[in-house]
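The following exercises are to be worked with the sequence and the coordinates at hand. Each task is followed by a solution in steps.

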Amino acid sequence: MLFARDKGTEVETAVCRYLQQQGLKLLTRNYHSRGGEIDLIMQHGNVLVFVEVRFRRSAAFGSAAESVTRTKQLRLIHTAEQYLQRHRVQHDSCRFDVVGVSLADDGYRMQWIQNAFEQG
């Protein structure tokens with residue numbers, strides 16, 4: 001499974017670089033708390049952005065973004081709440097983004113879904 005972890009790190013790095021080029025600032029990578037992990041925590045202006053990165057080699061079983069189930073969303077929300085309790089970050093609001101990544105002939109194809117789901 002080392003290969004999968006290496007590929008995951010490579011994909012997360014590519015997504016992080018892409019989002020930074022779009023104006024987001026990286027605050028934390030791979031934030032862990034009891035019950036969950038958030039791949040990237042970034043700042044977009046005064047908005048705190050919790051980013052879930054999903055990679056798929058093939059769309060045969062659905063897109064990467066579609067793989068973020070309601071159960072996964074609830075875990076991300078819970079982990080984000082824990083992050084906010086532990087860290088003082090200046091922000092006006094928060095959002096949850098999903099970046100679906102698939103293989104393309106020239107590298108990776110990224111589908112960035114801003115505000116992909118909400119807490120409620």
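**Exercise 1. Strand pairing**

Task: Determine how strand β2 is joined to β3, and how many bridges join them.

Solution. In this predicted model, β2 and β3 run antiparallel and are joined by five bridges. One residue pair serves as an example: L40 has V51 in β3 as its bridge partner. The hairpin formed by β2 and β3 has two residues between the strands, and G45 takes a positive phi near 65° there.

The next step turns to the other neighbour of β2. Strand β1 is joined to β2 (residues 36-44) by seven bridges, and these strands also run antiparallel. Here H32 has E37 in β2 as its bridge partner. The hairpin of β1 and β2 likewise has two residues between the strands, with G35 at a positive phi near 90°.

**Exercise 2. Order of the elements**

Task: State how many helices and strands the protein has, and which pattern they follow along the sequence.

Solution. There are two helices and five strands. Read along the sequence, they give α-β-β-β-α-β-β.

**Exercise 3. Positive phi outside glycine**

Task: Examine N30 and N115 for their phi values, and decide whether each is buried, partly exposed or exposed.

Solution. The background is that most residues other than glycine have a negative phi. N30 is not a glycine, yet its phi is positive, at about 55°. This residue is found in strand β1 (residues 25-33). Its relative accessible area is 28%, so N30 is partly exposed, this class lying between the limits of 20% and 50%.

N115 also has a positive phi of about 55° without being a glycine. It is found in strand β5. With a relative accessibility of 42%, N115 counts as partly exposed.

**Exercise 4. Aromatic pairs**

Task: Classify the ring pairs F50 with F96 and F55 with Y108, and say which strands each pair ties together.

Solution. A search of the whole structure yields six aromatic pairs. For F50 and F96, the ring centres lie 5.4 Å apart and the planes stand at 25°; this angle is under 30 degrees, so the pair is stacked. F50 belongs to strand β3 (residues 47-56) and F96 to strand β4 (residues 93-104), so the pair ties together parts that are 46 residues apart in sequence. Both F50 and F96 are buried.

For F55 and Y108, the centres are 6.1 Å apart and the planes stand at 90°; this angle is over 60 degrees, so the pair is edge-to-face. F55 lies in strand β3 and Y108 in strand β5 (residues 107-117), so this pair ties together parts that are 53 residues apart in sequence. Y108 is partly exposed, with a relative accessible area of 24%.

A last step looks beyond single pairs. F50 and F96 belong to one aromatic cluster, which they form with Y31, Y83 and F117.

**Exercise 5. The protein as a whole**

Task: What share of the residues counts as buried, and what share of the exposed area do carbon and sulfur atoms supply?

Solution. The protein has 120 residues, of which 40% count as buried. It exposes about 7300 Å², and carbon and sulfur atoms supply 47% of this area. As for contacts between residues at least 6 apart in sequence, 53% join residues at least 24 apart.

Technical notes:
Residues are numbered from 1 along each chain as its sequence is written. This is a predicted model: local features need pLDDT of at least 70, side-chain atom pairs count only at pLDDT 80 or more; totals for chains, interfaces and linings use all residues. Side-chain values use heavy atoms; hydrogens and water are left out. Rings of Phe, Tyr and Trp (its six-membered ring) pair if their centres lie within 6.5 Å; planes under 30 degrees apart count as stacked, over 60 as edge-to-face and the rest as tilted. Helices (H or I, at least four residues) and strands (E, at least two) are DSSP runs, numbered from the N terminus. Buried means under 20% relative accessible area, exposed over 50%, partly exposed in between (1.4 Å probe, protein chains only). Contact means heavy atoms within 4.5 Å. Accessible areas come from the Shrake-Rupley method with a 1.4 Å probe; for residues, only the protein chains shown count as cover. Two strands pair if DSSP finds at least two bridges between them.
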